[in-house]
Amino acid sequence: MTTAAPTRPPAPASDRSRTTVDWRLRFAFLSLVWGFSFLLIKVGTEAYAPFQVTFGRLLFGTLVLAAAMAVKRERLPRGARTWGHLTVAAFFLNALPFSLFAYAELTIPSTLAGICNATSPLWGMALSLVALSEDRPTRVRVAGLGLGFLGVLTVLGAWQGFSGLDASGTAMALLASLSYPIGWIYVRRTLAGTTVSHLSLTGAQLLLATGQLALVTPLFTTLPSSFPVWPLLAVIALGALGTGVAMLVQYGLVSEVGPTTAQMVTYFIPVIATAAGVALLGESLAWSTPVGAAIVLAGAALTQAGPRR
């Protein structure tokens, strides 16, 4: 559920003074919302198909951003080029990873999905070394990359031959985590210099992702015959809070405290996802899961160390 925040200069002092909620509280809220997203996906897929869960998530998230744009009198971006790039971004940052996580949680616990999500900074560092000339490898960052993937092997129980794990579900969760940095590298290469507001870009991006799911969902699912309350509420919360409100909070944090601090939320998500899955869904937890998760987070932190241009 986490997405790297694009670099943006700090907000002016006058803007920060109008903020009514301390950034630490908003940081904690964002960690909780994204951490619980994996539990909400699991509950939603108990009654609805994965594509339906993803479509509902995007739809309610788009409605929240549309309301925010209306309040701030923001307009959607213009230009075919911008919309073309946003279509690609919507696929890699929303439609694809959200769908993959929903399908993955049909066969793997929400705790494992949350930990797989924490590998996103590792994939991002590996890809940026190839795709972004300004990201130069250092010994610390390369060591963090190796340590992080060692943690992944620990979580998956490599010494046991990955027994007890659903290979396809785990692979989909890891591919979902890989999709985020692919999307952000594309955004950095194509939309980094745009003068359009982030709210406008994000609203258009979610709108496009909703359109993509609106085309795909009827082809692979049928309309549900019933709408159980708890799964429906889970999908609504996943979209309105876990996508719409969360994105607004995230960009507010980036403006106030910078992208580096805002991205630290990534390291709290698997902890909350694991606690929620075990406490509320009764999912089992082997010793290798928290140990491997700690190694993954340590490696991810190292990959972000050092100055970046």
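**Aromatic contacts, core and surface of an all-helical chain**

W23 and F27 both belong to helix α2, where a spacing of four residues, about one turn of the helix, separates them. The model in which this pair is found is a predicted one. The two residues fall into separate classes of accessibility. W23 has a relative accessibility of 21% and is therefore partly exposed, whereas F27, at 12%, counts as buried because the limit for burial is under 20%.

A further aromatic pair is formed by Y48 and F227, whose ring centres lie 6.2 Å apart; their planes meet at 40 degrees, so the pair is classed as tilted. This contact joins distant parts of the chain, since 179 residues separate its two members. Y48 is located in the loop between α2 and α3 (50-72), and F227 in the loop between α9 (198-220) and α10 (229-257). Y48 is buried, with a relative accessibility of 8%.

In total, eight aromatic pairs were counted. Within the pair of W23 and F27, the ring centres are 6.2 Å apart and the planes stand at 90 degrees, so the arrangement is edge-to-face. These two residues also take part in an aromatic cluster, which they form together with F268. An aromatic ring is likewise involved in a contact with a charged side chain: R57 is placed over the face of F98, at 3.6 Å from the ring centre.

These contacts are set in a helical framework. The protein chain contains 13 helices and zero strands, and its pattern along the sequence is accordingly written as α-α-α-α-α-α-α-α-α-α-α-α-α. Of the 309 residues in the protein chain, 50% are buried.

The interior was examined next. The largest nonpolar core comprises 69 residues, among which L30 and F101 touch the most other members. Helix α4 (residues 80-104) supplies the largest share of this core, with 10 residues.

At the surface, L32, F36 and L280 make a nonpolar patch of about 280 Å². One of these residues, F36, is part of helix α2, which spans residues 23-44. The relative accessible area of F36 is 31%, so this residue is partly exposed; the value also satisfies the requirement of over 30% for residues that make up a patch.

Another partly exposed position occurs in helix α13 (residues 288-303), which contains A298. The relative accessibility of A298 is 34%, and the residue is therefore assigned to the partly exposed class. A298 and L147 are 151 residues apart in sequence, yet the distance between their C-alpha atoms is 7.5 Å.

The backbone was also considered. Most residues other than glycine have a negative phi. R73, although not a glycine, has a positive phi of about 55 degrees. R73 is situated in the loop between α3 and α4. With a relative accessible area of 77%, R73 is exposed, because this class begins over 50%.

Taken by element, helix α2 appears in several of these descriptions: W23 and F27 both lie in this helix, and F36 of the nonpolar patch is found there as well. Helix α4, for its part, gives the largest share of the largest nonpolar core, and the loop between α3 and α4 holds R73.

Definitions and conventions:
Residues numbered from 1 in each chain as written. Predicted model: local features only at pLDDT ≥ 70, side-chain atom pairs only at ≥ 80, totals over all residues. Heavy atoms only, no water. Patch = residues over 30% accessible without salt bridge, like charges linked within 9 Å, V, L, I, M, F, W, Y side chains within 5 Å. Areas by Shrake-Rupley, 256 points an atom, 1.4 Å probe, with all protein chains shown as cover. Salt bridge = Lys/Arg side-chain N within 4 Å of Asp/Glu carboxyl O. Buried < 20%, exposed > 50% of the residue type's maximum accessible area, 1.4 Å probe, protein only. Core = buried A, V, L, I, M, F, W, Y, C linked by side-chain atoms within 4.5 Å. Phe/Tyr/Trp six-rings, centres within 6.5 Å; stacked < 30°, edge-to-face > 60°. Lys NZ or Arg CZ within 6 Å of the ring centre and 35° of its normal.
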